[in-house]
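The following note addresses the arrangement of secondary-structure elements. It is set out as numbered points for discussion.

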Amino acid sequence: MRQYFAHSANKTGKRHEVAEHLSSVSRMICDFLADNQLVGEASLAGLLHDFGKYGDLFQARLRGEAKKIDHWSLGAWLALAEYKSVAAAMAIQGHHIGLQYLSKDYLRYLDPDRLSERHPLQLQLSEADLNVLKLRLGSDELQPQMPRHSVFGRSIESGIDRMLDVRMLFSALVDADFLDTEAHFNGGLEGKRYRQRGLELQPERALEILLGHIEQLQAQSNTPENVIGVRQSLLTSCLKASEKEPGLFTLTAPTGSGKTLSMLAFALRHAIKHGLHHIVVVIPYLSIIEQTSEIYRHIFSPHFGANYVLEHHSLAGLGYEKSKNDNESNTDERIATERQRRLLSENWDAPLIVTTNVQMLESLFSNRPSACRKLHRLAHSVILFDEAQTLPAEFAVPTLSALSHLANVYDSSIVFSTATQPAFTHLHDAVKLHCVQGWQPKEIVPEPENLFAPLRRTQIVWSNPDKDVSWDELSNSIKRHQQALCIVNLKKHAKELWEKVGETSFHLSTNLCPAHRRDVLDKVKYRLKSNQPVHLIATQCIEAGVDIDFPDVYRAYAPLDAIIQAAGRCNREGKKSNLGNVFVFMPEDEGYPGGGYKQAAQITKMIIRRLGSDNIKLDEPEFITNYYRELYDISKPEAAKKTQHLLEYVNAGSFPDVTKEYRLISQDAINVVVPYQSLIDEFLSMQDEADNMGLTADWIRRARQLAISLYRPKHDDTIWDALIPVKVAGRKYTEQSDWFIYIVEKDYHPKLGLVPSGTFNTWIA
């Protein structure tokens with residue numbers, strides 16, 4: 001009896017039979033999606049995803065006798081035509097080329113007769129006669145079953161919910177296919193060798209460890225009694241609310257109330273109660289991710305090991321597909337390169353994952369195998385969004401719709417945690433148009449206003465929003481304080497004000513690499529604690545997740561939530577005998593970052609004009625909710641251009657266009673490793689390694705402390721003369737990543753960070 005192979009031989013000469021691969025992938029997918037309505041279609045997708053590899057032309061390709069062979073479309077057509085599974089057909093077709101178009105007209109083009117006449121990728125089908133492949137599948141005793149349930153009924157209608165269902169099935173298929181293929185190439189004569197599975201959550205033991213850690217912190221701290229009382233009240237509310245059924249939750253609590261640990265206690269207790277498997281903590285900023293991950297590792301790693309906490313973001317791996325056409329070549333070199341690339345982008349096989357808004361949310365709207373591969377881990381999980389107010393308003397409705405569907409269908413819980421809770425319930429009717437449950441979360445803390453009053457540590461001094469202050473006046477005012485922080489909206493403002501205050505002051509912005517920012521904060525904190533004079537001029541990068549405590553803070557007019565975050569850096573620990581002062585001012589050169597930031601700042605000014613400064617109640621959650629309602633009434637996120645464009649693509653079932661449109665960071669960015677003098681030896685070492693070896697996972701991990709992110713410059717920008725691209729290890733020389741090394745050392749200022757000079761004497765190809 002003839003044998004048919006799915007992949008070439010591994011290093012020991014062992015070959016991978018098609019039947020064994022198909023059955024293994026099918027079993028693995030069913031394990032991933034157990035107890036879910038997708039399991040029948042998932043099993044079918046596993047059995048048919050490489051169905052075309054039974055074709056003679058594919059077998060010839062493994063022997064090096066044929067090229068450009070399509071082995072996926074035949075399985076997709078069989079799933080569609082005979083087993084009536086649109087979702088399985090799309091997942092099968094997409095597992096090499098990405099999810100495509102959910103429409104009857106497009107799916108008709110999977111017909112082998114049409115593809116034989118004109119293939120859109122100029123490929124050749126592995127076998128012209130579908131019946132030949134069906135006989136070979138049957139000869140291997142593989143019998144696909146008609147799914148009992150399907151994502152789509154008789155009509156194919158696209159929507160945010162249906163597209164997410166397809167992605168979840170697609171995710172399980174992609175992950176299972178990769179893991180089984182990897183196991184073959186890692187195996188020996190005895191058979192496949194799978195990678196070690198991730199650790200289990202063990203929520204009972206983890207909760208015991210966490211509560212012990214919290215108790216120890218309370219015993220060792222000199223925190224005021226009122227703060228301890230608020231933290232204990234929050235923890236009690238979180239543990240009590242964890243008994244509720246999985247679904248949508250909000251956690252509204254002030255800065256300094258212990259949200260980071262209390263919401264984790266909720267998640268662990270919730271997991272115990274409802275048998276949930278993973279906890280995903282979603283955070284907007286890398287600085288907070290690193291800080292939070294460090295806290296969690298400190299708590300759990302001594303008990304469970306280093307792999308209990310997975311930190312995943314743009315600086316933890318490549319994170320995206322480098323090729324539009326992800327065809328296999330099935331050579332050892334190709335598989336080795338593929339393994340390296342994919343391993344840089346984790347599949348979230350860990351109990352506690354800490355990631356970014358970008359990584360989490362863009363994956364929910366992606367069509368790419370690498371981005372979607374982790375999505376099936378979100379089923380039966382608790383997903384905690386910290387600083388939920390940072391979620392993009394222009395994508396609020398589609399984002400909430402996807403998360404609501406995830407919670408309702410996949411038995412997960414979503415928690416929005418923040419001191420300034422957005423009024424997303426205001427968008428319930430708009431969300432309900434795309435997901436039947438809408439957006440009606442349960443509040444974890446029944447009366448959150450009771451947490452805010454005891455932690456009032458500042459008073460806000462509002463200047464007239466229609467009267468600006470010059471940089472000279474502002475700098476003189478700052479210098480009258482022994483210790484003061486000033487936060488402005490733009491980097492150019494921070495630079496100009498820093499120059500006015502004087503070079504003995506400190507500067508903080510994202511022009512400084514993380515190592516440099518840490519050094520600045522360490523010096524500033526030392527001066528604060530030792531009661532030495534210190535003035536810090538910063539952009540809003542200091543507002544979230546930075547544990548720093550100034551007696552006086554200045555803040556340029558901004559969105560109300562940003563002003564509240566700034567106030568969280570003033571008298572943070574409540575140690576002043578009186579309230580700390582937060583001075584809100586209008587700079588002479590008014591300016592704001594892009595997106596909806598300017599509009600939200602204008603709403604803040606409008607409220608001040610209408611109500612007067614005495615009626616601004618920043619420590620009352622209801623006041624903040626009303627601010628967001630007013631913001632949404634004016635900005636109308638449900639009618640935003642980006643939302644409308646996205647929904648047009650959703651309604652058309654265009655996965656590729658949805659992926660392009662749903663971008664939290666609209667402009668392409670690059671990572672630049674800079675020559676920070678305090679770590680110049682490390683910089684030079686990394687430059688040598690980049691030249692000799694190229695980009696590796698270890699190199700990226702080391703580069704994080706020296707990397708800043710820049711919007712991709714225009715092609716004729718002179719800054720390119722100072723940037724050397726880092727090639728990806730194992731790739732052709734012409735293929736590069738989004739990593740660069742900045743070679744002009746004098747352009748990295750000891751206080752301001754990277755300040756490109758604008759012209760260079762050296763031109764680099």
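1. One open sheet contains seven strands with parallel pairing, in the order β7-β8-β6-β9-β10-β5-β11. Its edge strands, each pairing on one side only, are β7 (309–312) and β11 (442–443). The model is a predicted one, and the points below should be read accordingly.

2. Within this sheet, strand β6 (residues 278–283) runs parallel to strand β9 (residues 381–386), and five bridges join the two. In this pairing V281 stands opposite L384 in β9. Helix α17 (residues 396–409) packs on the sheet, where it touches β5 (248–252), β9 and β10 (413–418). The direction of α17 makes about 135 degrees with that of β10.

3. An open sheet of six strands is also present, again with parallel pairing; its order is β12-β17-β16-β13-β15-β14. Here β12 (458–462) and β14 (506–508) are the edge strands, each pairing on one side only. From one strand to the next, the twist averages 20 degrees.

4. In the six-stranded sheet, strand β13 (residues 483–487) pairs with strand β16 (residues 552–556) in the parallel sense, over three bridges. I487 stands opposite R555 in β16.

5. A helix pair also merits comment. The axes of helix α10 (residues 203–220) and helix α11 (residues 225–241) come within 13 Å and cross at roughly 170 degrees. Angles over 145 degrees count as roughly antiparallel, and α10 and α11 are therefore roughly antiparallel to each other.

6. Which residues of α10 and α11 meet? From α10 they are L207, L211, I214 and Q218, and from α11 they are Q232, L235 and L239. By class, this contact has five nonpolar, two polar and no charged residues.

Definitions and conventions: Residues numbered from 1 in each chain as written. Predicted model: local features only at pLDDT ≥ 70, side-chain atom pairs only at ≥ 80, totals over all residues. Heavy atoms only, no water. Axes fitted to C-alpha atoms, helices over the stretch in contact; angles between N-to-C directions. Helix = DSSP H or I, 4+ residues; strand = E, 2+ residues; numbered from the N terminus. Parallel < 35°, antiparallel > 145°, perpendicular 65-115°, else oblique. Contact = heavy atoms within 4.5 Å. Nonpolar A, V, L, I, M, F, W, Y, C, P; charged D, E, K, R; others polar. Pairing = 2+ DSSP bridges.
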